[in-house]
Amino acid sequence: MEFNGNHLIELGFRPAKWFKEAIEYINENNLDEAQIKTYLEQYKQPDQIPLHETPKDFIINIRAEHESENDNVEKVIKTMQVLMKTPTLVGGALMPDACPTGPEGHIPVGGVVIAKNAIHPGFHSADICCSVMLTDFGKADPKAVLDTAHSVTHFGYGGRARGEQMPMSQELMDAFRENYFLNDEKLISIARSHMGTQGDGNHFLFVGISKNTGNTMLVTHHGSRAPGAALYDKGMKVANRFRQDISPETLKENAWIPYDTEEGKSYWEALQLIRTWTKENHTSIHDAVLHKMEIEKENRYWNEHNFVFKDGDLFYHAKGATPLDDKFMPDITGPRLIPLNMAEPVLIVQGNTNERNLGFAPHGAGRNFSRSQHKRSLAYKTIEEVFAEETEGLDIRFFSNEIDISELPTAYKSAKNVRAQIEEYGLCEVLDEVMPYGCIMAGDVGKNAPWKRKENLEKHKA
């Protein structure tokens, strides 16, 4: 009798692409039962890995300082309790700026988790290597720096138009072509067009004055843009193929790629290349401002706060947490940066690994409420009134010329409380503060987006 797919299923195999090849081989070679069993050993699926029966321990460096924070703190602790049942995890921590990002069991912003021999794309999400860079402009006029930066940077959807693009290094493009996850000419073209762009949401370009030196500092905050999002999409697909075979009980968003596989090694290399691209992206904007102003930088710091860090066979996934330990950063450039909100200073910090921080500090102020909740809470005021009250004395600009009140200071947790908890839990030491002068953000990019204008035009025609 001819061997077929039903026989494979009866033997305990799930339908897969290799079925056709195996069936043809077995039939062509007239394998007997013992030979079939030996041949199919190569397709044997690994034993499935169950969830931890109880959540692995994690450190809580957050508490509600006000009634409005109770719900947020309860949610982040509860979601971590579900998350820490993921089979690969061996430890974790919550930072004072933690807030939920999705359904229960998804890693919260302000969460750090340690996985053994595994990389979880869902734990760094689409904004891979979201990071901050500071350049010291000496005694330059802060308004001149902000004006020049406004003429140089780019916020909003998509990349720069042809003729306005900032160059991506040839070395990096060649490295993309050699990596399984990044070897895509369309992706490389997008990476080139997105160089020198900052996106939208909470990304910003901030100018302020050092409290210690009086020097003018420029700080940018953004991630890897479309190239990082493309890597995340591919990584999640690969991780979920592994999840279906080795741990179907694991939440889809918490799937992982085993590091000791070909895919794991390649994904780790791809993450490092996206990291290089993101740092190059920050640098291109900072250097363009320096060049246009004919100024030499006095200093520069950079660190990511949404990434995966390797220490032996342990992978520290920081979803909005600032790496302090030198072992996490192969290209140490100085102290680390923690931005709070547009009306508060950017903190320049340092610190050592201790029993509470796992080698990390907060990355900012976090949110207590969603963007839509925050907007509803201010519905009794006009957008202009809210903007005037919250940005008094500051030079705040929106690249789209549309105010986004969900990025104003009250949209975030109390910076004072976050700083107090940094000190209370001994997470890091503040070395300096960059006092705010002004900043640029994308603004409400959807309000007058091209597709919105098209919709309005069609309505008008009708």
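**Before I start**

Buried means under 20% relative accessible area and exposed means over 50%, with partly exposed in between. I'll lean on those cut-offs throughout. Also for the record: this is a predicted model.

**Entry 1: helix α13**

I started with helix α13, which covers residues 415-424. I looked up which of its residues are buried, and I got A415, N417, V418, Q421 and I422. Looking down the axis of α13, I found these buried residues within an arc of 165°, so they line one face of the helix. What does the face turned away from the buried side of α13 carry? I found the exposed residues K416 and E423 there.

**Entry 2: helix α2**

I then put helix α2, residues 18-28, through the check I'd used before. Its buried residues are W18, F19, A22, I23 and I26. They sit on the same side of α2 because they cover an arc of only 130° around the axis. On the face of α2 turned away from the buried side, I noted K20, E21 and E28 as exposed.

**Entry 3: two positive phi values**

Next I went after backbone angles. N30 has a phi near 45°, which is a positive value in a residue other than glycine. I located N30 in the loop between α2 and α3, where α3 is 33-39.

C129 has a positive phi too, near 60°, and it is again a residue other than glycine. I found C129 in the loop between α5 (121-124) and β5.

Is each of these loop residues buried or exposed? N30 has a relative accessible area of 65%, so I wrote it down as exposed. C129 has a relative accessible area of 0%, so I wrote it down as buried.

**Entry 4: strand β9 and its partners**

I moved on to the strands and picked β9, residues 299-311. How many of its 13 residues are buried? I got ten, so I'd call β9 mostly covered, given that buried means under 20% relative accessible area.

Then I looked for the partners of β9. Strand β5, residues 130-136, runs antiparallel to β9, and seven bridges join the two. To see one bridge for myself, I looked up M133 and found that its partner in β9 is W302.

Strand β10, residues 314-319, also pairs with β9 in the antiparallel sense, and here I noted six bridges. My example for this pair is F307, whose bridge partner in β10 is A318. β9 and β10 form a hairpin with two residues between the strands. In that hairpin, G312 takes a positive phi near 65°.

A general point I jotted in the margin: in a regular strand the side chains alternate between the two faces of the sheet.

**Entry 5: the largest pocket**

Pockets next. The largest pocket has a volume of about 1,100 Å³. I noted 44 residues in its lining, with V109, N202, R367, R371 and Y412 lying nearest its centre.

Which elements each supply at least two residues of this lining? They are α4 (70-83), β6 (204-210), β9, α11 (371-377) and β16 (429-441). So β9 from my previous entry turns up here again. The largest share, three residues, comes from α4. By class, I wrote down 16 nonpolar, 19 polar and nine charged residues for the lining of the largest pocket.

**Entry 6: the second largest pocket**

The second largest pocket has a volume of about 680 Å³. It is lined by 18 residues, and A16, K17, W18, R241 and D245 lie nearest its centre. I recognised W18 from my list of buried residues in α2.

Where does the largest share of this lining come from? Helix α9, residues 225-246, gives six residues. Sorting the lining of the second largest pocket by class, I got nine nonpolar, three polar and six charged.

**Entry 7: disulfides**

Last job: cysteines. A disulfide is a covalent bond between the sulfur atoms of two cysteines. For counting, I used a pair of cysteine sulfur atoms within 2.5 Å. How many disulfides does that rule give? The count is zero.

I looked at two cysteines to see this. For C99, the nearest cysteine sulfur is that of C130, 13 Å away, and C99 is in no disulfide. C99 is buried, with a relative accessible area of 9%. For C428, the nearest cysteine sulfur is again that of C130, 18 Å away, and C428 is in no disulfide. I have C428 down as buried as well, because its relative accessible area is 16%.

Terms used
Residues numbered from 1 in each chain as written. Predicted model: local features only at pLDDT ≥ 70, side-chain atom pairs only at ≥ 80, totals over all residues. Heavy atoms only, no water. Buried < 20%, exposed > 50% of the residue type's maximum accessible area, 1.4 Å probe, protein only. Helix = DSSP H or I, 4+ residues; strand = E, 2+ residues; numbered from the N terminus. Pairing = 2+ DSSP bridges. 1 Å grid on protein atoms, 1.4 Å probe; cavity = no way out; pocket = protein on both sides within 12 Å on 5 of 7 lines; lining within 4 Å. Points joined across faces, edges and corners; volume = space filled by probe spheres on them. Nonpolar A, V, L, I, M, F, W, Y, C, P; charged D, E, K, R; others polar. Arc of directions from axis to C-beta.
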